[in-house]
Amino acid sequence: MQEFPVRDIDTRVSSRIVKSAVTPRPIGWVSTTSDDGVDNLAPFSCYNYISSDYPTVMFSSKVKDGGKPKDTARNVASSGEFVVNVVTEDLAERMDRTSAELPPEESEFDFAELDRAESTHVTPPRVADALISMECTAIESLDIHDRGVFFGEVETFHIADEVLEDGKVEMDHLDTVGRLGGPYYTSVNRMEMTREF
Ligand SMILES: Cc1cc2nc3c(=O)[nH]c(=O)nc-3n(C[C@H](O)[C@H](O)[C@H](O)COP(=O)(O)O)c2cc1C
């Protein structure tokens, strides 16, 4: 075993270690709309839920070199709304494409040839082919180091019939994709376990 005290290592090294250690990471595929009406879409793997009984999610967006926020962060800060779309295997390549750094007047929906579906509670559209989407209202944000952290309460879930059984999400029908360190993604390899507790 070797020890790597963070104060002694370069940020690039610590970044690589954290991104490999915190794996697999879920991917929040976040759609937002700018003040000018441009629909933005980008993946965020610093993402999770923080309450399930009161469905609340969070993601963090790195501040760009020069101190500017990414388009997603700017749009959430300004509109207070976002949609999180679930990434499944069939959408993985197009999700990756939406991480392109496009100018704010260009939409990643069009760039990655993704259809929009109208949301019901918020302005940003959903990814039409996503099997689950969550419309969210931003409730809080924090600035931590080089990140803007955004928290959103889920207003409504959209769930495709094909993943529902008796009104519940059937995990067998949802091939979610996660992020690993380096250039790697991961797909689900379900491991059933008899839960003891
Ligand atoms: C799978 C994946 C996960 C990502 N996760 C994050 C993240 O958690 N935070 C972040 O700031 N950027 C993340 N990125 C990079 C952003 O998606 C990328 O900077 C994108 O251009 C931001 O778009 P925007 O400027 O339209 O918001 C990720 C990229 C990929 C491909």
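Colleague: Which residue has its charged end over the ring of Phe111?

Modeller: This is a predicted model, so everything here is computed from it. A charge counts as sitting over a ring if it is within 6 Å of the ring centre and within 35 degrees of the ring normal. Here the charged end lies 4.2 Å from the centre of the Phe111 ring, and it belongs to Arg97.

Colleague: Nice start! How are the rings of Phe59 and Phe82 arranged: stacked or edge-to-face?

Modeller: A search of the whole structure finds 3 aromatic pairs. For Phe59 and Phe82, the ring centres are 5.3 Å apart and the planes stand at 80°. Planes over 60 degrees apart fall in one class, so this pair is edge-to-face.

Colleague: How many residues apart in sequence are the parts that Phe59 and Phe82 tie together?

Modeller: Look at where each ring sits along the chain. Phe59 lies in strand β4, residues 56-62, whereas Phe82 lies in strand β5, residues 81-86. The pair therefore ties together parts whose separation in sequence is 23 residues.

Colleague: Is Phe82 buried or exposed?

Modeller: Its partner Phe59 has a relative accessible area of 1% and is buried. The cut-off for that class is under 20%. Phe82 has 0% relative accessibility, so it counts as buried.

Colleague: Which residues do ring pairs link into a cluster?

Modeller: We have already met two of the members, Phe59 and Phe82. Ring pairs link these two with further Phe residues, and the full cluster is Phe44, Phe59, Phe82 and Phe150.

Colleague: Let's turn to the ligand. Which residues come nearest to the ligand?

Modeller: There are 20 residues around the ligand. Among the contacts, a backbone N or O atom of Ser45 lies 2.9 Å from a ligand nitrogen atom, and a polar side-chain atom of Glu108 lies 3.3 Å from a ligand oxygen atom. The residues that come nearest are Asn40, Cys46, Lys62, Lys70 and Thr72.

Colleague: What percentage of the ligand's accessible area does the protein cover?

Modeller: One more contact first: a backbone N or O atom of Cys46 lies 2.9 Å from an oxygen atom of the ligand. On its own, the ligand has 640 Å² of accessible area, and the share of this that the protein covers is 89%.

Colleague: Which side chain does Asn40 join in a polar contact of 3.3 Å?

Modeller: Asn40 lies in strand β2, residues 39-44. With a relative accessible area of 4%, Asn40 is buried. The 3.3 Å contact joins its side chain to that of Thr72.

Colleague: What separates Asp71 and Arg74 along their helix?

Modeller: Side chains of opposite charge can pair when their charged atoms come close. Asp71 and Arg74 form a salt bridge, with their closest N and O atoms 3.3 Å apart. Both are in helix α2, residues 71-79, and because they are 3 residues apart there, the separation is about one helical turn.

Colleague: Does the same class fit both ends, or which of buried and partly exposed describes Arg74?

Modeller: Asp71 has a relative accessible area of 12%, and it is buried. Arg74 has 32% relative accessibility, which means it counts as partly exposed.

Colleague: How far apart in space are Glu101 and Asp71, C-alpha to C-alpha?

Modeller: Glu101 is found in the loop between α3 (92-97) and α4 (108-111). It is exposed, with a relative accessible area of 68%. In sequence Glu101 and Asp71 are 30 residues apart, while in space their C-alpha atoms are separated by 9.0 Å.

Colleague: How many residues apart in sequence are the parts that Asp175 and Arg190 tie together?

Modeller: Asp175 forms a salt bridge with Arg190, and the closest N and O atoms are 2.8 Å apart. Asp175 lies in the loop between β11 (168-169) and β12 (177-179), while Arg190 lies in the segment after β13 (185-187). The pair therefore ties together parts with a sequence separation of 15 residues.

Colleague: Which residues do salt bridges that share partners join into one network?

Modeller: The count for the structure comes to 8 salt bridges. Those that share partners join three residues into one network: Asp39, Asp110 and Arg116.

Colleague: Last one! Which side chain makes a polar contact of 2.6 Å with the side chain of His158?

Modeller: His158 has its place in strand β9, residues 147-159. At 17% relative accessibility, His158 counts as buried. The partner in its 2.6 Å side-chain contact is Glu135.

Key: Residues numbered from 1 in each chain as written. Predicted model: local features only at pLDDT ≥ 70, side-chain atom pairs only at ≥ 80, totals over all residues. Heavy atoms only, no water. Phe/Tyr/Trp six-rings, centres within 6.5 Å; stacked < 30°, edge-to-face > 60°. Helix = DSSP H or I, 4+ residues; strand = E, 2+ residues; numbered from the N terminus. Buried < 20%, exposed > 50% of the residue type's maximum accessible area, 1.4 Å probe, protein only. Near = heavy atom within 4 Å. Polar contact = N/O pair within 3.5 Å; in protein donor to acceptor, adjacent residues only side chain to side chain. Areas by Shrake-Rupley, 256 points an atom, 1.4 Å probe, with all protein chains shown as cover. Salt bridge = Lys/Arg side-chain N within 4 Å of Asp/Glu carboxyl O.
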